[in-house]
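Student: I'd like to go through this one label by label. For each term you use, tell me what earns it.

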Amino acid sequence: MELAYIPSPSHGVVYLGPIPLRGYAFCIIIGVFVAVWLGNKRWIARGGRAGTVADIAVWAVPFGLVGGRLYHVITDYELYFGDGRDWVDAFKVWQGGLGIWGAIALGALGAWIGARRRGVPMPAYADAVAPGIAFAQAIGRWGNWFNQELYGRETHVPWALHITSSTDGRVPGYYHPTFLYESLWCAGVALLVIWADRRFKLGHGRAFALYVAAYCVGRGWIEYMRVDDAHHILGLRLNDWTALLVFLLAVAYIWVSSKKRPGREAEVEPGAAAADEPAGTGAEADAGSGEADGASGIEASPTSAADAKNSDAKGAGTASTDAQDADPKDGVGLKDGAGSAKQG
């Protein structure tokens, strides 16, 4: 009897009346919101406008969902077009089955379309959203937990995943929670990209390439642990070969880009700085005008200085006359007054 393990949910959908609320879909939606939120903060910090990331995401997210589903259906076509299978199931995204490779590839195409419409350089946008995408993957992997899918080899470690479903060929038991491994790995990749971007000022798409390369490293060993059906080439799963190829391409891009275009973009969104400049310029002008007026008020003209000098002299003469006309008996009072003035 196992004393410690990760339980699987008894079902991955809850019905709110006739409306199904699926855990897999919720994880994807929450991941998208996190990616857009963090990407927007990073984009503004780079000098872009608020809302640009969300506007481009309107193109990127649908393209990504279609791409992810296409990759899954193409690489696992026998699940939908084999004997006894219903091809309509290929459209049921809520049941699980999104390939990250297709999602990133077609999502990048959608982002490119949105970026061109906004006049934004695609590499700079990719750098801004890279950590957010990694966090979105970390959240999205929990959707596999709700569906009791994509687990690893059988194990008896304290953090083993307890599979209870026997549908679609599953065998109840205790397995490596590869969904959890990948979720933690993706969160680490996001933090790595954030740190490296701050430390080395990555630009021209290199932060995004670092995310891709780091993710591929983790996906390689995690994919090797999985036991679900997959196509194999030379003894390795298809996704392992894909991870290896994409990793090499990402590293090559980082090396070539750093040689040809070192540093970071000075401007990520044309017009963003100009839109903020008038307000700042006006404030500076007002401040400068105020300082000038203050200086004019402090600086006295020669005539004013002369008038002030005559006024002081006249006041001194009046004080002297008053002192002479004062009663000797008031000497004590004058002396005390002078002493008080001196202390003041």
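Tutor: Helices here are DSSP runs of H or I with at least four residues, strands are E runs of at least two, and both are numbered from the N terminus. Keep in mind that this is a predicted model. By that rule, the chain has twelve helices and seven strands.

Student: Where does glutamine 148 sit in that scheme?

Tutor: Glutamine 148 is in the loop that runs between helix H6 (142–147) and strand E4 (161–163).

Student: What makes its backbone stand out?

Tutor: The phi of glutamine 148 is near 50°, which is positive, and the residue is something other than glycine.

Student: Why is glutamine 148 called buried?

Tutor: The cut-off for buried is under 20% relative accessible area. Glutamine 148 has 5% relative accessibility, so it counts as buried. Across the chain, 37% of the 344 residues get that label.

Student: Which other residue has a positive phi without being a glycine?

Tutor: Lysine 201, with a phi of about 50°. Its place is the loop between helix H7 (178–200) and H8.

Student: Why is lysine 201 called partly exposed?

Tutor: Exposed takes over 50%, buried takes under 20%, and partly exposed is what falls in between. Lysine 201 has 49% relative accessibility, so partly exposed is the label.

Student: Now the loop with glutamine 148 again. What does leucine 150 touch?

Tutor: Leucine 150 is also placed in the loop between H6 and E4. Leaving out residues up to four places away in sequence, leucine 150 touches Arg141, Asn144, Thr178, Phe179, Arg226 and Asp228. Its C-alpha is 9.8 Å from that of methionine 225, with their positions 75 residues apart in sequence.

Student: What share of the chain's contacts is that far-reaching in sequence?

Tutor: Take the contacts with a separation of 6 or more: 72% of them are between residues 24 or more positions apart.

Student: On to helix pairs. Why are H8 and H9 called roughly antiparallel?

Tutor: Helix H8 (residues 206–225) and helix H9 (residues 238–260) pack at about 155°, and their axes are 8 Å apart. Angles over 145 degrees count as roughly antiparallel. The pair therefore gets that name.

Student: What is the handedness of that crossing, and which residues meet?

Tutor: H8 passes H9 in a left-handed crossing. From H8, the residues in contact include Ala209, Ala213, Cys216 and Val217. Among those on the H9 side are Ala243, Phe247, Ala250 and Ile254. The contact divides into 14 nonpolar, four polar and four charged residues.

Student: Why is leucine 249, in helix H9, called exposed or buried?

Tutor: Leucine 249 has a relative accessible area of 55%, and the cut-off for exposed is over 50%, so exposed is the label. The C-alpha of leucine 249 is 8.3 Å from that of alanine 213, and the two are 36 residues apart along the chain.

Student: Why do H2 and H4 get their orientation label?

Tutor: Helix H2 (residues 52–75) and H4 cross at roughly 150°, and their axes come within 6 Å. Set that against the cut-off of over 145 degrees. H2 and H4 are therefore roughly antiparallel. Their crossing is right-handed, and the contact divides into 14 nonpolar, eight polar and three charged residues.

Student: What are the angle and handedness for H4 and H5?

Tutor: Helix H4 (residues 100–118) packs on helix H5 (residues 122–140) at an angle of about 145°, with the axes 12 Å apart. The H4 and H5 crossing is right-handed. On the H4 side the contact uses Ile100, Ile104, Ala108, Ala111, Trp112 and Ala115, and on the H5 side Met122, Tyr125, Ile133 and Gln137. By class, that is nine nonpolar, one polar and no charged residues.

Student: One more. Why is phenylalanine 91 buried or exposed?

Tutor: Phenylalanine 91 sits in the loop between helix H3 (78–81) and H4. Its relative accessible area is 57%, and over 50% counts as exposed, so it is exposed. The C-alpha atoms of phenylalanine 91 and valine 66 are 9.7 Å apart, with 25 residues separating the two along the chain.

Student: And what is the accessible surface of the chain?

Tutor: About 20,200 Å², and 65% of that belongs to carbon and sulfur atoms.

Conventions:
Residues are numbered from 1 along each chain as its sequence is written. This is a predicted model: local features need pLDDT of at least 70, side-chain atom pairs count only at pLDDT 80 or more; totals for chains, interfaces and linings use all residues. Side-chain values use heavy atoms; hydrogens and water are left out. Axes are lines fitted to C-alpha atoms, for helices over the stretch in contact, and angles run from 0 to 180 degrees between N-to-C directions. Angles under 35 degrees count as roughly parallel, over 145 as roughly antiparallel, 65 to 115 as roughly perpendicular and the rest as oblique. A crossing is left-handed if the near helix is turned anticlockwise from the far one by less than a right angle, and right-handed if clockwise. Contact means heavy atoms within 4.5 Å. Ala, Val, Leu, Ile, Met, Phe, Trp, Tyr, Cys and Pro count as nonpolar, Asp, Glu, Lys and Arg as charged, and the others, Gly among them, as polar. Buried means under 20% relative accessible area, exposed over 50%, partly exposed in between (1.4 Å probe, protein chains only). Accessible areas come from the Shrake-Rupley method with a 1.4 Å probe; for residues, only the protein chains shown count as cover.
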